[in-house]
Amino acid sequence: MKWLAAIMMATQIVCVEAGVTASAQTAPVLTPQQKQELSTYDFKGAEAALKTQNNQPASKPDPLTPIPPLKVPPVVSRSVPAQNASAQSSLAGAPTDKGSEVPLNWRPPHAELNAAAVSAAEVSRQWETGVATPTPGADGRVVYIFGQGMPVMVCAPLRVCAIELQAGEHLESLPQIGDSRRWEITPVLSGSGLDETPLLIVKPIGAGLETDLIVSTDRRTYVVRLISDSTHFVSRLAFQYPGEDAAKWAAFEIRQAAAKRDAEAVAEQAREKDRRAGVVPMAENALDNLYFNYKLNGDPDYRPQQVFDDGQHTYLIYPNDGRFRELPTLLLQVNGKSELVNFRVDGTRYIVDRLFDKAILVVGVGKKQTRVTITRATPYSGSTGKRS
C-alpha cells in the first residue's frame, strides 16, 4: 500500500500546485529539491504498474514491474481556525489530527476566584511554604512541632522511610496521598498496649517526585509534604505536641489538687478521731515551745530516756530495747493527790495530751511496786496550762 499513499500524496501536491486553495488546515512543506523530483515523476508509468498488479492474484505480485520511488516530505500539522476546517476536509487524503488525545480547540476549565478564595489560598500557601524547623530527636528521629508549618519528609529510591505518630494513637482511615501510583505507603505498628505506636512506611519509585500526604487519626490530622531525592533521605520522622504537653500539665495539676483534697480529708478524719478521744491537737508553734527540763528519780530500768513537752503535749521517750514486760501506769500529782491521766502509747513513746508539773510512773503493787517520779523544773499553772 506504499504506492497508494504516494499517489494520494502526489495528487494532493499537484492540486496545490494547480491552484486549489486549501488555506484552512495543514499542508505539506516541500523543499525545492522535492519539488524538482515531483515535476519529473512518471505518474503514467505508476498508474500502468498499478493496473497490472490489480489484474494479478494478490498472492502472486509481479516483481518485474517495480513502482518508481517517490520522496515526499513529512506532514507538518498547522493549527487553523475552526471556520476553515470544512474547507480543508474537502481535499482528498488531507491529513487530520485524529491521533491527538486532546481536541485542538480544547481549553481547561477556569473558575473565577473571589477575594475570600484568593485570601484563603494565600493563607494556605504561606503555611505550606513556611519553614518548619526540624530538630534532632532520640534514636535518629527528625522531630517537627505539630501544627507549626508543613513538615517535609525526604525519601530516596531503594530506601525505606518511616513517619512515626504518637504512642497510643489510632488511624481512623487509610492515608490519602496525592500520587498513589509512584509512592507506596504502608502502615505498621510498633510496641504493644498503651505504648503501641503507628508508623507509616514511605517508599518512592523514583527521584524528583513531590506530593502530599494526609493522615487522619483519633486525635488529630497530619499533613506531610513528600519529596524524593536520589541521595538525601530522612529515615525516621516524628512529632512533638505542645498542646499535649499543656494538657499533661493540666492533668498533673488536677491530680495534685485531688491528692491534696484526699490528704486533707484523711487529716480531718484523724483530727475528728482525736477530738472524740479527747486528744489535744499539736499547736502550730509547738517546735518553738519545746521544753526539756524535767528531773527523773526512781528505778533506772523504768526511767524514760527523755521527757519533753511542746506547750500542749508531754512526751515520755523510752529506748527501743524491749525492756517492758508490763507497761508503767502514769499518775499525776495534783495538790498532793494522785490522779489517773489519759495517755497513748506510740511505739516507745508515751503521749500525754496535757502538761503537768509532777507525775509518777508506777509498776506493780504493794511492796514490789516500782516508781519513777517526773518533775518539771519550771512549774505550769494547772488552771491555764501555761508557764507560770
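Reader: Which residue stands opposite L332 in β18?

Author: The model is a predicted one. Strand β14, residues 329–334, pairs with β18 in the antiparallel sense over 4 bridges. T329 of this pairing stands opposite V362. For L332, the residue opposite in β18 is A359.

Reader: What is the bridge partner of A359 in β19?

Author: β18 is joined to strand β19, residues 370–376, and the two run antiparallel. Their pairing holds 6 bridges. In β19, the partner of A359 is I374.

Reader: Which residue takes a positive phi in the hairpin of β18 and β19?

Author: This hairpin has 6 residues between its strands. The positive phi is near 85°, and the residue that takes it is G364.

Reader: How many of the residues of β18 are buried?

Author: Buried means under 20% relative accessible area. By that cut-off β18 is mostly covered. Of its 6 residues, the number buried is 5.

Reader: Which residue in the turn between β14 and β15 has a positive phi?

Author: β14 is joined by 4 bridges to β15, residues 337–340, and the strands run antiparallel. Within this pairing Q333 stands opposite S338. The two strands form a hairpin with 2 residues between them. The turn residue with a positive phi, about 55°, is N335.

Reader: Is D353 buried or exposed?

Author: D353 is found in the loop between β17 (349–352) and β18 (358–363). Its side chain makes a polar contact with the side chain of R344, at 3.0 Å. The relative accessibility of D353 is 14%, and the cut-off for buried is under 20%, so D353 counts as buried.

Reader: Are the rings of Y318 and Y350 stacked, edge-to-face or tilted?

Author: A search of the whole structure finds 12 aromatic pairs. In the pair of Y318 and Y350, the ring centres are 5.7 Å apart and the planes stand at 55°. Planes under 30 degrees apart count as stacked and those over 60 as edge-to-face, so this pair is tilted.

Reader: How many residues apart in sequence are the parts that Y318 and Y350 tie together?

Author: Y318 lies in the loop between β13 (314–317) and β14, whereas Y350 lies in strand β17. Both residues are buried. The pair therefore ties together parts whose separation in sequence, in residues, is 32.

Reader: What is the angle between the planes of F343 and Y350?

Author: F343 and Y350 form an aromatic pair with 4.9 Å from centre to centre. F343 counts as partly exposed at 28% relative accessibility, while Y350 counts as buried at 1%. The pair is stacked, and the angle between its planes is 10°.

Reader: Which strand gives the most residues to the largest nonpolar core?

Author: The largest nonpolar core has 20 residues, and those touching the most other members are M153, I163, V202, L226 and F239. At least two residues of this core come from each of β3 (152–155), β4 (161–164), β7 (197–204), β8 (210–216), β9 (221–228) and β10 (236–240). With 3 residues, the strand that gives the most is β9.

Reader: How many residues are in the second, separate core?

Author: Back in the first core, V202 touches several residues more than four places away in sequence, among them I163, W183 and L226. The second core is separate and includes Y294, V352, F356 and V372. Its residue count is 15.

Reader: Which strands stand at the edges of the open sheet that holds β9 and β8?

Author: The sheet has 4 strands in the order β3-β9-β8-β5, with mixed pairing. An edge strand here has a single partner strand, so one side of it is left without a neighbour in the sheet. The strands in that position are β3 and β5 (176–177).

Reader: Which residue of β9 stands opposite V152?

Author: β3 and β9 run parallel and are joined by 4 bridges. In β9, the residue opposite V152 is R225.

Reader: What percentage of the residues in the protein is buried?

Author: The protein has 6 helices and 19 strands. Its accessible surface comes to about 26000 Å², and 55% of that belongs to carbon and sulfur atoms. Of its 388 residues, the buried share is 26%.

Key:
Residues numbered from 1 in each chain as written. Predicted model: local features only at pLDDT ≥ 70, side-chain atom pairs only at ≥ 80, totals over all residues. Heavy atoms only, no water. Buried < 20%, exposed > 50% of the residue type's maximum accessible area, 1.4 Å probe, protein only. Areas by Shrake-Rupley, 256 points an atom, 1.4 Å probe, with all protein chains shown as cover. Polar contact = N/O pair within 3.5 Å; in protein donor to acceptor, adjacent residues only side chain to side chain. Core = buried A, V, L, I, M, F, W, Y, C linked by side-chain atoms within 4.5 Å. Contact = heavy atoms within 4.5 Å. Pairing = 2+ DSSP bridges. Phe/Tyr/Trp six-rings, centres within 6.5 Å; stacked < 30°, edge-to-face > 60°.
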